[in-house]
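Below are my notes on this model, set out as numbered points. They deal with charged pairs and strand pairing.

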Amino acid sequence: MERVQSLMFNVQYCALWLFSLLFFSCENEIDKVQSSTQEIKFPTATYKDYDAFYSDSAIVRIRISGKVMEQYTEGIAHDEFKEGVHIWFYDSERKVESEMTANTATRERLNNVMVAKGNVVVYNKKGDKLNTEHLTWDGKSRKVYTNAFVRITTPDKVMTGTGLESDETFSKYKILNVKGIIRR
């Protein structure tokens, strides 16, 4: 009888210990739960082989093309070019003043701001070439800028540095922190 009582006590003790272990180890962190249950956002519209012209006062100013453009309307309305983007900037006679390519880009429609990332390359009509990994174009102010590393190649020199400010045609630009200039 004592042996049965001892065995019952041990079983009860083990069950209580196991229950306590499971109860106190099952703790949910609210951030983890919320992040795992957040809603996945899907595009409102998807365009393949996207190619659009944008005008100002009936004059074509910009052409944007990309393999795929996704439009999102929830939250901050924006467009995403996840498979590359190519942008041309035109003068009033519809001649290309500059062009830009990038691996990805996101454009906020309300603010008219586009952020290009990954192998960003900009050419101007003088033949200058900008290489960087991150570039922001503000369509309202018609300015282009970055805080990232930049390399500008011109017919007679190569300049490197960190940060850049420019007009959208990349004809007037300034490297903010020049690291080096190599004359050809």
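1. Asp56, Arg142 and Glu168 are joined in a network of salt bridges. The model is predicted, and it holds nine salt bridges.

2. Glu70 and Lys82 form one of these salt bridges, with their closest N and O atoms 3.1 Å apart. The two residues are twelve apart in the chain and link distant parts of it: Glu70 lies in strand E2 (residues 59–72), Lys82 in the loop between E3 and strand E4 (85–90). Glu70 has 16% relative accessibility and so counts as buried. Lys82, with a relative accessible area of 47%, is partly exposed.

3. Lys82 also meets the side chain of Glu80 in a salt bridge, at 3.4 Å from N to O. Glu80 counts as buried because its relative accessibility is 17%, under the 20% cut-off.

4. A further salt bridge pairs Arg107 with Asp79, the closest N and O atoms being 2.8 Å apart. Here strand E6 (Arg107) is linked to strand E3 (Asp79) across 28 residues. Both side-chain partners are buried. Arg107 is also the bridge partner of Asp79 in the strand pairing; E3 (residues 78–81) and E6 run antiparallel and are joined by four bridges.

5. Side chains alternate along E6 (residues 104–108). Ala105 and Arg107 point to one face and are buried, whereas Thr104, Thr106 and Glu108 point to the other and are not.

6. E6 also pairs with strand E7 (residues 113–124), antiparallel and over five bridges. Ala116 in E7 is the bridge partner of Ala105. Four residues lie between the strands of this hairpin, and Asn112 has a positive phi near 55 degrees.

Key: Residues numbered from 1 in each chain as written. Predicted model: local features only at pLDDT ≥ 70, side-chain atom pairs only at ≥ 80, totals over all residues. Heavy atoms only, no water. Buried < 20%, exposed > 50% of the residue type's maximum accessible area, 1.4 Å probe, protein only. Pairing = 2+ DSSP bridges. Salt bridge = Lys/Arg side-chain N within 4 Å of Asp/Glu carboxyl O.
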